[in-house]
Every structure is written in C-alpha cells, then in structure tokens.
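This briefing covers one protein chain, going from strands to helices and then to side-chain pairs. Please read it with the structure open.

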Amino acid sequence: MTLQWQDRKRVGDVHEQRVARALENLGWTVQLCGQGTYAPPIRRALARTDSALRYFPDLIAARDGELVTIDAKDRMPSTHTDRYAISSSTLKAGLLFTAAHAPTPLYYVFGDLKVLTPSEVQHYTAHARRHSSGAWLMVATRQAHTFDDVFGTPAAQAA
C-alpha cells in the first residue's frame, strides 16, 4: 500500500531533523529551507507545477566559512536491492541547482546517512538500467560516501 503524502511528509520531516542533528553534532549551523518552509497555499500551488522550486534543498548549513545544501532522502534505499531510488525530476533539479548556485554543493543524504551528489548520481546512472517507469534512477548503495567522510568529524575528535 502506498503511503499518503501526509505520511511521507512526516517520515521526511523526521529524517530532515535527524540529518540536521547529525550535522550540528559535527559543528555545522543548520537552517531549514526549501518547499517545507513555504506557507501551505504556496506548497499546494508548487505541487501543481514542474518548477525546480519543488526540489529545492531541505537544509542549508555552514561551518568555518564553508556552505553546503542538503536534500534529505529518507525511504530511498530499495527494499529489494542494495540501491537508492532517485526520481529523474529530483536529479534534473539538483543538477540545475548546482549549476546555478556554484560553488555551493548539494548533497543527497539518504536514510542510512550515506551521501551522494547530483553529478555522482548522474555519472553512476548514465549507463545503468533504469526503472521500468523511467521516472526513477537506481544507484548502488556501495557508491555512496559515509556521512563523516563528507561532513567531517566533531571538532573535539578532529583535534
């Protein structure tokens, strides 16, 4: 049975909070951004468009002058394989975002706290077999980076 949007939103919100706490534990200052911060009428209007604003990153974070954006992707590992499923629309918007906002990186952080960038997803799926619907790209979980490899270790541990 497919989860309703409200259920998916709750799951996504919990994952965003988990990612924000993990970043804060590493010394990052984190702020919510993106569609989830808009007023309900704006979110409803966006839901009826193909605008890349629908896929704007969920979080923005800074540490020691470094700035990153995060798109938290919970429930994305396939339940039947060792792959992450990323919508083609999400990837397209992510690539547009990184091109428009360079050099600010965008990272997809999955439910297992592994990390990929839009360009890595594009690279790893360029010659891969696509989901039969064409709407999803599948990336092997082994391709992803660990959270600490991307975002560092707590300052106390690094010293």
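**Sheet, helices and side-chain pairs**

Strands β2 and β3 make a hairpin that has 2 residues between them, and D64 in the turn has a positive phi of about 50 degrees. The model is predicted. The hairpin strands belong to an open sheet of 6 strands with mixed pairing, in the order β1-β2-β3-β5-β6-β8. Its edge strands are β1 and β8 (145-146), each of which pairs on one side only.

**Strand pairing around β2**

- The hairpin partners β2 and β3 (residues 66-73) are antiparallel and are joined over 5 bridges.
- Across this pairing, A61 stands opposite V68 in β3.
- On the β1 side, β1 (residues 29-32) and β2 also pair in the antiparallel sense, over 4 bridges.
- Two residues face β2 from there: Q31 stands opposite I60, and L32 stands opposite L59.
- In a regular strand, side chains alternate between the two faces of the sheet.
- Strand β2 (residues 59-63) shows this alternation: L59, A61 and R63 point to one face and are buried, whereas I60 and A62 point to the other face and are not buried.

**Helices across the sheet**

- Helix α3 (residues 88-100) lies across β3 and β5 (106-110), and runs at about 145 degrees to β5.
- Helix α4 (residues 118-125) lies across β5, β6 (114-116) and β8, at about 80 degrees to β6.
- Which residues of α4 are buried? They include P118, E120, V121 and T125.
- These residues are on the same side of α4, because they cover an arc of only 160 degrees around the axis.
- The cover over the buried residues of α4 includes the strands β4 (83-87), β5, β6, β7 (136-140) and β8, together with helix α3.

**Surroundings of H15**

- H15 is located in helix α1 (residues 5-25).
- With a relative accessibility of 2%, H15 counts as buried.
- Leaving aside residues up to four places away in sequence, H15 touches A72, K73, D74, V109, F110, G111 and L113.
- H15 and D112 are 97 residues apart along the chain, yet their C-alpha atoms are separated by 9.9 Å.

**Salt bridge**

- How many salt bridges does the whole structure contain? A search finds 1.
- D71 forms a salt bridge with K73, with 3.4 Å between the closest N and O atoms.
- D71 has a relative accessible area of 5% and is buried.
- K73 has a relative accessibility of 15%; buried means under 20%, so K73 counts as buried too.
- K73 is also among the residues that H15 touches.

**Aromatic pairs**

- There are 5 aromatic pairs in the structure.
- In the pair of F56 and F97, the ring centres are 5.3 Å apart and the planes stand at 90 degrees, so the pair is edge-to-face.
- F56 lies in the loop between α2 (40-47) and β2, and F97 lies in helix α3, so the pair ties together parts that are 41 residues apart in sequence.
- Are F56 and F97 buried or exposed? F56 has 27% relative accessibility and counts as partly exposed, whereas F97 has 10% and counts as buried.
- F147 and F151 form a tilted pair, with 4.8 Å centre to centre and 50 degrees between the planes.
- Helix α5 (residues 147-151) holds both F147 and F151, which are 4 residues apart, about one turn of the helix.
- An α-helix has 3.6 residues a turn, so residues three or four places apart point the same way.
- F147 and F151 are both buried.
- Ring pairs also link F147 and F151 with W28 and Y107 into a cluster.

How values were computed:
Residues are numbered from 1 along each chain as its sequence is written. This is a predicted model: local features need pLDDT of at least 70, side-chain atom pairs count only at pLDDT 80 or more; totals for chains, interfaces and linings use all residues. Side-chain values use heavy atoms; hydrogens and water are left out. Buried means under 20% relative accessible area, exposed over 50%, partly exposed in between (1.4 Å probe, protein chains only). Two strands pair if DSSP finds at least two bridges between them. Contact means heavy atoms within 4.5 Å. Axes are lines fitted to C-alpha atoms, for helices over the stretch in contact, and angles run from 0 to 180 degrees between N-to-C directions. Rings of Phe, Tyr and Trp (its six-membered ring) pair if their centres lie within 6.5 Å; planes under 30 degrees apart count as stacked, over 60 as edge-to-face and the rest as tilted. A salt bridge is a side-chain nitrogen of Lys or Arg within 4 Å of a carboxyl oxygen of Asp or Glu. The arc is that of the directions from the helix axis to the C-beta atoms.
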